[in-house]
Amino acid sequence: MRGLLFEAASSVIHQVKRFSRLKSWAVRLAGRRGFRKAAVVTARKIAVLMLTLWKNGTDYQWTKEATA
């Protein structure tokens, strides 16, 4: 599971073209701390986000405007 989360975080940082708050946060962190540390922290953040969304039964909103 850790490997899959790391891979998802890596692709968020490198491959995803659509910007979200998560991607912009991860890219800024990678610039400050390095890619590997940023990918690990982003993987943890994705895991916490997935658990929270699963508990609440809600969908992920890419932007703040989509929540209306």
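A residue is called buried when its relative accessible area is under 20%, exposed when that area is over 50%, and partly exposed when the value falls in between. With these limits in hand, the reader can place Trp 25, which has a relative accessible area of 24% and is therefore partly exposed.

The model shown above is a predicted one, and its confidence deserves a look before its details are followed. Across the chain the pLDDT averages 88, and 90% of the residues score at least 70. Confidence is highest in helix 3, which covers residues 35-56 and has a mean of 94, and lowest in helix 2, where the mean is 92. Where pLDDT is low, the predicted coordinates should not be read in detail.

The overall plan can be stated briefly, for the chain contains three helices and zero strands, and when it is read along the sequence it follows the pattern α-α-α. Of its 68 residues, 24% count as buried.

A walk along the chain may begin in helix 1, which spans residues 2-14 and includes Gly 3. Gly 3 has a relative accessibility of 47%, and because this value lies between the limits of 20% and 50%, the residue counts as partly exposed. In sequence Gly 3 and Val 40 stand 37 residues apart, while in space their C-alpha atoms are 9.8 Å apart. Leu 5 also has its place in helix 1, but Leu 5 is buried, because its relative accessible area of 15% is under the 20% limit. A separation of 8.9 Å lies between the C-alpha atoms of Leu 5 and Ala 39, although 34 residues part the two along the chain.

The path then leads to helix 2, made of residues 21-33, where the partly exposed Trp 25 is found. The C-alpha atoms of Trp 25 and Thr 42 are separated by 8.7 Å, and the two residues are 17 residues apart along the chain.

Helix 2 also holds Arg 28, and this residue draws attention to the charges on the surface. Together with Arg 32, Arg 33 and Lys 37, Arg 28 forms a positive surface patch, to which helix 2 gives the most, with three residues. What is the relative accessibility of Arg 28, and how is the residue classed? The value is 49%, and since a residue must be over 50% to be exposed, Arg 28 counts as partly exposed.

Key:
Residues numbered from 1 in each chain as written. Predicted model: local features only at pLDDT ≥ 70, side-chain atom pairs only at ≥ 80, totals over all residues. Heavy atoms only, no water. Patch = residues over 30% accessible without salt bridge, like charges linked within 9 Å, V, L, I, M, F, W, Y side chains within 5 Å. Areas by Shrake-Rupley, 256 points an atom, 1.4 Å probe, with all protein chains shown as cover. Salt bridge = Lys/Arg side-chain N within 4 Å of Asp/Glu carboxyl O. Lys, Arg positive; Asp, Glu negative; His and termini not counted. Charge placed at Lys NZ, Arg CZ, Asp CG, Glu CD. Helix = DSSP H or I, 4+ residues; strand = E, 2+ residues; numbered from the N terminus. Buried < 20%, exposed > 50% of the residue type's maximum accessible area, 1.4 Å probe, protein only. pLDDT = per-residue confidence, 0-100.
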